[in-house]
Amino acid sequence: MLPLQIYKMKTKIIFLFSILLVVIFWGIVNGPSNLSFQQLLLPQNHDILWLRLSRVSAAIILGVGLSISGIALQAILRNPLAEPYLLGTSSGAGLGAVIALITGMGTIYLPLAAFIGAIFTVVLVYNLARQQNKVPVQALVLSGVIVSIAFSAIMVFLISLSSNEALHGAMWWLWGSTQVYDARLLAVVGITVFLSVLVIYFFAQDLNAISIGEEEAMHLGINSEALKKILFFITSLITACAVSLCGIIGFVGLVIPHIMRRVVGPNHKVLIPATCIMASIFMIACDIISRTMFSPLEIPIGVITAVIGAPIFIILLKKKQRIT
Amino acid sequence: MDALIKINDLSGGYTGDLVVKEVSFSVKPGDFLGIIGPNGSGKSTLLKLMSKVLTPKCGSIVFDGRSIADISLKSFCQKVSFVPQDTMINFSFTVEEIVLMGRIPHLGRMQMETKKDHAAVIQAMTLTDTLAIKDRPIDELSAGERQRVVVARALAQEPALLFLDEPTSHLDIGHQVQLLDLLKKLNRKNGLAIVMVVHELNLAAEYCDRLILLNKGRIFRQGSVAEVLTYQNIETVYKTTVVVKDNPISSKPYVILVSEEDKACRQN
């Protein structure tokens, strides 16, 4: 890059980062109980401060995890419209959670059940798509879609057999919330997502090459099959963790990478850090809206991301069509 | 002169069937070798076997004195690069970013490009006449421009040997000549060895020094253009009637196809 381009890029990143700081502050100060920032710091309000900090952290973890695994999948599948749930993680997690709710295992085991469901689905999808030691991407997408539909059907079947109460719990959970009941869960998921995103960033150059084509990447000295397998499992791990922490939150993994490709370009060395910042901003903002718009009622955050994300996505899609 | 790459009794293909059977030949530094043959004769598969995309079933490929099975993919790609038929790119990388990817085999992971890398990129873009479009997004270029960019990326790898798989099949006649003239120049001036799979027999005749004619995975004939492009060889392999004349300008063989209708007229 030329010095001018690097300068422009740095300005954009610094600008985004300052917005992020503002949004984090806004996220901490805003809430159903009207407290000023000074009041929040008082010892008797520590619980509320902790609650809001954990929500902001959860929003950042989710945003970063989902959008970066979106980026990695979009590169492997060479399709900017791929999203982290494409390979069945969400329906697997949903099915796991619904089974946990119906069998009355209690809410403590809900994240674990969702995680097991997601990992089980991913292993199933992977093995359905595998042909000897290769995993063709078309087969991966196809088996992902098929398994998703089958598991969603089983989930709806189980919900329809059960009582309304369980159904409401399941629905609420599936649409996502940053309300975290367990600090240890937040810590474990946070560390896992952080390390996984680092690994993906480590492969930034390889992602550039494979987004042109698998054979093209091989001609540049990259072992495409190994790269696909590594990234497939890392993105699955991230989405499984994210779903088990906060339910299924759509559109983040699709819209944020898409916007950021327009802002900083498709080079993953820049795209990944820029997307981390933007995704955090987006998720914290959505979370604030979800808990303050109809206060004291809380709207599931998945509803907010979809309501904001879908129109943005349609606009981007229309713009793209006009060019081509 | 020692062979740059020597293929000995090579057989291979995708899972199951052998597409390439008992093929032997060698490429010397400075060679411009064309691989021709009908659809499904194993041309592209042969190129994939030679570029480490596919693993051979049996036989050996020796590059620079070492079996390519023993060379890591990365160090192999520092010396050998590849231009595919057409590259569909769904992401808006700029031309410069695409060409810069040619430096990946020379870089460690997370290593920033050095001055030397940028110099190689500038040189590759100058040679391919793509320097003027370096900031344009790749997905907005015409097929001809895009193919020049892909060649630039292959040149940025600073290869000793360049493989091309039907590089001109999506180009009009003007762009075909432009691209092949460039390859010829690189071959003559820089001594770059080139192995090119090509469908169009007259392009092969005009630009290649040596040809290999494949038929059903085996070498039917190899040798100079005049030796390979005879009407007997072509009629046997392609199962069609042709007339071979000399090109009045280059005096190289020139293949003329004959339609069914004309053939009937002649016979009456």
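Two residues are in contact here if their C-beta atoms, placed from the backbone, lie within 7 Å. Helices (H or I, at least four residues) and strands (E, at least two) are DSSP runs, numbered from the N terminus. Axes are lines fitted to C-alpha atoms, for helices over the stretch in contact, and angles run from 0 to 180 degrees between N-to-C directions.

Welcome to a predicted model, in which local features need pLDDT of at least 70 and side-chain atom pairs count only at pLDDT 80 or more, while totals for chains, interfaces and linings use all residues. Residues are numbered from 1 along each chain as its sequence is written, and chains are lettered from A and ligands numbered from 1 in the order in which they are written.

Let us begin with the sheet of chain B. This open sheet has six strands in the order S6-S7-S8-S3-S9-S10, with mixed pairing; two strands pair if DSSP finds at least two bridges between them. S6 and S10 of chain B are the edge strands. S6(B) runs parallel to S7(B), and four bridges join them. Here B:Val80 stands opposite B:Leu161.

Two helices lie across strands of chain B:

| Helix | Strands crossed | Angle |
|---|---|---|
| H1(B), residues 43-50 | S3, S7, S8 and S9 of chain B | about 150 degrees to S7(B) |
| H5(B) | S6 and S7 of chain B | about 175 degrees to S6(B) |

H5(B) also packs with H4(B), at an angle of about 140 degrees and with axes 8 Å apart. Among the residues that meet there are B:Ala120 of H4(B) and B:Leu155 of H5(B).

Finally, 21 residues of chain A are in contact with 21 residues of chain B.
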